[in-house]
Amino acid sequence: MNKKNLTEADIRTKFITPAIVGECGKKWDVMTQILEEHYFTRGRVIVRGKTVHRGEAKKADYILFYKPNIPIAVIEAKDNNHGVGAGMQQALEYAEILDVPFAYSSNGDAFLEHDRTPGTGVVERQIPLDRFPSPDELWTRFSTAKGYTATQAAVATQEYYFDGSGKSPRYYQLIAINRTVDAIARGERRILLVMATGTGKTYTAFQIIWRLWKSGARKRILFLVDRNILADQTKTNDFKPFGQAMTKITHRTADKAFEIYLSLYQAVTGTEEEQNIYKQFSPDFFDLVVIDECHRGSAADDAAWRKILEYFSSATQIGMTATPKETKSVSNIEYFGDPIYTYSLRQGISDGFLAPYKVVRIGIDKDLEGWRPEKGKTDKYGREIEDREYNDLDYDRSLILEKRTELVAARITEFLKAIDRFAKTIVFCENIDHAERMRQALVNANFDLAAANSKYVMRITGDNDEGKAQLDNFIDPESTFPVITTTSQLMSTGVDAQTCHLIVLDKRINSMTEFKQIIGRGTRINEDYNKLFFTIMDFKRATALFADPDFDGDPVQIYEPEAEDSVIPPDIVPETDAVLED
């Protein structure tokens, strides 16, 4: 057999795979420890003119696992017309992305090994084809470099939870989970994970907690969230496998018979000392506290979350956020330390797991120039308007310009008529009153569809039971109605709106955290329903004020129409037509 005539696939089949598996399969298990030709990204969604397609996904020739979901090596193969080390550069690139310690290249004659663990002496060496290391050999070298004790190694290798569905964490979730479990096994007490909205932080938290709980490394765990809907969704969905060991703290009561506790942080704190329900637990009751969305709430010294963290200071504490640094003076990095891992919106878009976005930035003359009433001018109720300069700090708060609300509603409607009048839309307003007035304006601007179905436009705010009852229908891809929702705060977090095509910003956004939370409502991809990208319609210039290209990436397009121009970008792609090309 002349190896030079064989394809790369032949080299893998005839030489590399047998060398990995070993005689009679005694080394690596093909079923549980080897993934061959495995795609670990999906390929960026590329929006150009009137076409939408995916870029090339990253594919490793081999990923080797010490245990399921604990990757330890990558191998890149080449045909025999290349040298043994010809695939090493690519192998190292993938090893760095996947956070694995060993990289290999082979052309079917031998292996070139690159050892990425620190302090091991020889970094690269060539090894014979029949001497490829076993899983135990690689793990021993890795754990020795880490300095694991037997107890620490047992925690680091604890199995993941499997539900039998075949669902497996994405590569970046594996990194976040494995790094966190590793850090805790080695005794670290405060850990920060930064993961963009839409990347599965709750699922990541579940697998971390599951492995620590099952290994016995942590026995009583408190998981804190800032919205009741998040606690309920977590208990029902990702955390369901904890079963009877889990409880949600409600009615301001502390039942100490459980091991996994979910809580809204407001449910265990209060303005009065006797309302601090968390103090019914002893300071050492919990040995792990996980804080979801640990932005300003837990970063500020006087915040309720910070008080809980300080009370349970003996516990290991994990913060999870999409915004590591809020301002120069308020940062969760100050409390937790630098992030142990960061997976940004920019990276999620590049990998094809998150949706790219366009920006339509609309300046209304009263917003840009301000407004001053003529002397003696009265409102519609006959009350005299204070004679002073008004600006966007006042609008929809101390001053209501009804014509402005109608103009915003008209612009939204113009956009939806051009792309798809049934494209799911969230309009973020200043407050509940503004959300109600915006609902009315959108009903009038879309009178035909609103008359045909009263749920075409809905206000979903914390004070409105009818609207809140429709939240599940809004986020359900199979439910047509509601189509347009107006809100103030309720839908800024915890709303997994997979098919949201349009996010409208008509409120002053006061922080980077709030901005990231809001735009995160559009970052999901749902190919089955042609949700491949989304648009931000910005009336408040928040997309300029909080631009963070290092974390969020750059928009596909920024369109800033003049007052008399259409809000429709010249080359806009109707979302309903945004199907992936083969």
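This passage walks through the fold, the two sheets, the backbone oddities and the interior of a predicted model.

Starting with the overall make-up, the protein chain carries 21 helices and 22 strands. Of its 582 residues, 56% are buried. Long-range contacts figure heavily in the count: of the contacts in the protein chain with a separation of 6 or more, 70% come from residues 24 or more positions apart.

Two open sheets are described here. Strands of a sheet pair through backbone hydrogen bonds, in either a parallel or an antiparallel sense. One of the two sheets is built from six strands, and going across it the order reads E1-E4-E5-E6-E7-E8, with mixed pairing. Strand E1 (34-39) and strand E8 (124-128) sit at the edges, each pairing on one side only. On average, neighbouring strands in this sheet are turned by 30° against each other, direction ignored. Helix H1 (residues 8-21) packs on the sheet and touches E1, strand E4 (59-67), strand E5 (70-77), E6 and E7. The direction of H1 makes about 10° with that of E4. Within the sheet, strand E6 (residues 102-106) and strand E7 (residues 110-115) are an antiparallel pair held over five bridges. Looking across that pair, Ala103 stands opposite His114 in E7.

The other sheet has seven strands, is also open, and is parallel in its pairing, with the order E11-E12-E10-E13-E14-E9-E15. Its edges are strand E11 (246-248) and strand E15 (341-343), which each pair on one side only. From one strand to the next, the twist averages 15°. Strand E10 (residues 221-225) and strand E13 (residues 288-292) run parallel and are joined by four bridges, and Leu224 stands opposite Ile291 in E13. Helix H5 (residues 171-185) lies across strand E9 (190-195), strand E14 (316-321) and E15. The direction of H5 runs at about 175° to E9.

A few backbone details are worth a look. Most residues other than glycine have a negative phi, and most peptide bonds are trans. Glu37 goes the other way, with a positive phi of about 45° although it is not a glycine. Glu37 belongs to strand E1, and it counts as partly exposed because its relative accessible area is 36%, in between the 20% and 50% cut-offs. Asn69 is another non-glycine residue with a positive phi, here about 70°. Asn69 lies in the loop between E4 and E5. With a relative accessibility of 8%, under the 20% limit, Asn69 is therefore buried. As for the peptide bonds, the one from Phe481 to Pro482 is cis, with omega near -5°. Pro482 is found in the loop that links helix H18 (471-475) to strand E19 (484-487).

Turning to the interior, Thr425 has its place in strand E17 (residues 424-429). The relative accessible area of Thr425 is 0%, so this residue is buried. Neighbours within four places in sequence aside, the contacts of Thr425 are Leu416, Phe474, Val483, Ile484, Thr485, Leu502 and Val504. Among these contacts, Ile484 and Thr485 have numbers that fall in the range of strand E19 (484-487), while Phe474 falls in that of helix H18 (471-475).

Cysteines turn up inside as well. Cys429 is at 0% relative accessibility and so counts as buried. Cys500 also counts as buried, because its relative accessibility is 0%. The structure holds zero disulfides.

Last comes the empty space. Rolling a probe the size of a water molecule over the atoms shows where such space is left. Searching the whole structure turns up one cavity of 30 Å³ or more. The volume of the largest cavity is about 70 Å³. Its lining is made up of Ala196, Thr197, Ala322, Leu345, Lys516, Ile519, Gly520, Thr523, Phe551 and Asp552. Helix H19 (512-519) and helix H21 (549-552) each give at least two residues to that lining.

Terms used:
Residues numbered from 1 in each chain as written. Predicted model: local features only at pLDDT ≥ 70, side-chain atom pairs only at ≥ 80, totals over all residues. Heavy atoms only, no water. Disulfide = S-S within 2.5 Å. Buried < 20%, exposed > 50% of the residue type's maximum accessible area, 1.4 Å probe, protein only. Pairing = 2+ DSSP bridges. Axes fitted to C-alpha atoms, helices over the stretch in contact; angles between N-to-C directions. Contact = heavy atoms within 4.5 Å. 1 Å grid on protein atoms, 1.4 Å probe; cavity = no way out; pocket = protein on both sides within 12 Å on 5 of 7 lines; lining within 4 Å. Points joined across faces, edges and corners; volume = space filled by probe spheres on them.
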